[in-house]
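Please look through the following model slowly, following the chain with the sequence beside you, before reading the explanation below it.

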Amino acid sequence: MTSTYGPATPFVHLFLRAAWQRTGPGLVQVLADSPPGRVLDLGSGTGAALPWIAAAAPGRDLLAVEPEEGLRAVLLALVAGDDGLRPRVTVLDGTFPRDPLPTDLAAVVVGNALGHFDPAQRDEFWRQCAQVLPAGGRVLVDVAAHEDPSPSPEAPGAVPVQVGRRRYEAWATCDVTGLQTVRWRMRYQVLEPTTGADGGDRVIEERVASYDWWVVGPRRVRTEAAAHGLVPAAPAAPEGCLLLEKGRRARR
Ligand SMILES: C[S@@+](CC[C@H](N)C(=O)[O-])C[C@H]1O[C@@H](n2cnc3c(N)ncnc32)[C@H](O)[C@@H]1O
């Protein structure tokens, strides 16, 4: 697969780890009473959500699927380096829908990744979720705050992260490229304090990554998923996410 995140690869984990520290605690309710079976983290990236998924689904095996080699290397290192995750998490190279969903799942998590799927891929995703999940099986997906794309001037794209003497910043801007699409431009900066009298910061490195994104708001997700018998579930989803459940009359 060609790399979407290419230049951003070294920094992706810093910011997603910080983001999941805010969102992750909300996963407990979402996964706790889902039926028995494996939990899939589709588009797992560097695995920033995995410690939270593992804590929310104790005793379950997890599957982390990630197509980008650079991100998957971080993911594999994260899993291998964690005594709690290593025996439970299987890491796979996979691209949906070229690689279909496994059939023994109880829940699927798509975090910060639904916008990579075009409408036909989303339809296939809902169809396969309805096919492989048992009744009551859960699907947690990220959703856009708005139903329609709008341009956004450059603004902080994440909370800055300090590592040693260096501070890592992410700046995001997007242009509307279609009725449902935007192109994100992410600018990453590495800064270090100067030793001079001005006491300012020096930019050590700057990288830019751009990628296309389908804007999918909660109304569209509910409508698309309902066509396959996936309906909103009762537990409150973490902010920016929507939780769906396979209803009893969903197609198999
Ligand atoms: C912004 S990252 C989010 C990573 C992770 N889910 C998280 O929240 O920390 C989006 C991820 O989706 C993956 N991705 C993009 N298209 C995909 C596809 N067709 N199938 C599976 N994963 C995909 C990317 O490689 C990337 O790792």
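Helix α5, made of residues 119-132, lies across four strands, namely β4 (105-110), β5 (138-142), β11 and β12 (241-246), and runs at about 95° to β11. A second helix, α6 (residues 218-226), also packs on the sheet, where α6 touches β5, β11 and β12, and its direction makes about 140° with that of β11. The coordinates in which these helices are seen belong to a predicted model, and should be read as such.

What is the order of the strands in the sheet on which these helices rest? There are 7 strands, which form an open sheet in the order β3-β2-β1-β4-β5-β12-β11, and the pairing among them is mixed. The edges of this sheet are taken by β3 (89-92) and β11 (230-232), and because each of these has a single partner strand, one side of each is left without a neighbour in the sheet. From one strand to the next, the twist averages 20°. The single partner of β3 can be examined in detail, since strand β2, residues 62-65, pairs with β3 in the parallel sense over 4 bridges, and Leu63 stands opposite Thr90 in β3.

Two places in the loops deserve a careful look. In the loop between β3 and β4 lies Pro97, which is joined to Phe96 by a cis peptide bond with an omega of about 5°. In the loop between β4 and α5 is Asn112, whose phi is near 55°, a positive value in a residue other than glycine. For comparison, most peptide bonds are trans, and most residues other than glycine have a negative phi.

Turning to the ligand, the reader will find 18 residues surrounding it, of which the closest are Gly43, Gly45, Gly111, Ala113 and His116. Sorted by class, this shell holds 9 nonpolar, 7 polar and 2 charged residues.

An unreviewed UniProt entry carries the annotation "domain: Methyltransferase" for residues 39-137. Over residues 39-137 the chain is 33% helix and 18% strand, and the C-alpha atoms at the two ends are 10 Å apart.

Finally, one may step back to the whole protein, which has 6 helices and 12 strands. Its radius of gyration is 19 Å, close to the 18 Å that the globule rule gives for 252 residues, and therefore the protein is as compact as a globular protein of that length. Along the principal axes, the C-alpha trace spans about 70 × 45 × 35 Å.

Note on methods: Residues are numbered from 1 along each chain as its sequence is written. This is a predicted model: local features need pLDDT of at least 70, side-chain atom pairs count only at pLDDT 80 or more; totals for chains, interfaces and linings use all residues. Two strands pair if DSSP finds at least two bridges between them. Axes are lines fitted to C-alpha atoms, for helices over the stretch in contact, and angles run from 0 to 180 degrees between N-to-C directions. Two residues are in contact if their C-beta atoms, placed from the backbone, lie within 7 Å. A residue is near a molecule or strand if its C-beta atom, placed from the backbone, lies within 6 Å of it. Ala, Val, Leu, Ile, Met, Phe, Trp, Tyr, Cys and Pro count as nonpolar, Asp, Glu, Lys and Arg as charged, and the others, Gly among them, as polar. UniProt positions are given in the numbering used here, feature names are shortened, and annotations may be inferred rather than shown by experiment. The radius of gyration is taken over C-alpha atoms; the globule rule is 2.2 Å times the number of residues to the power 0.38.
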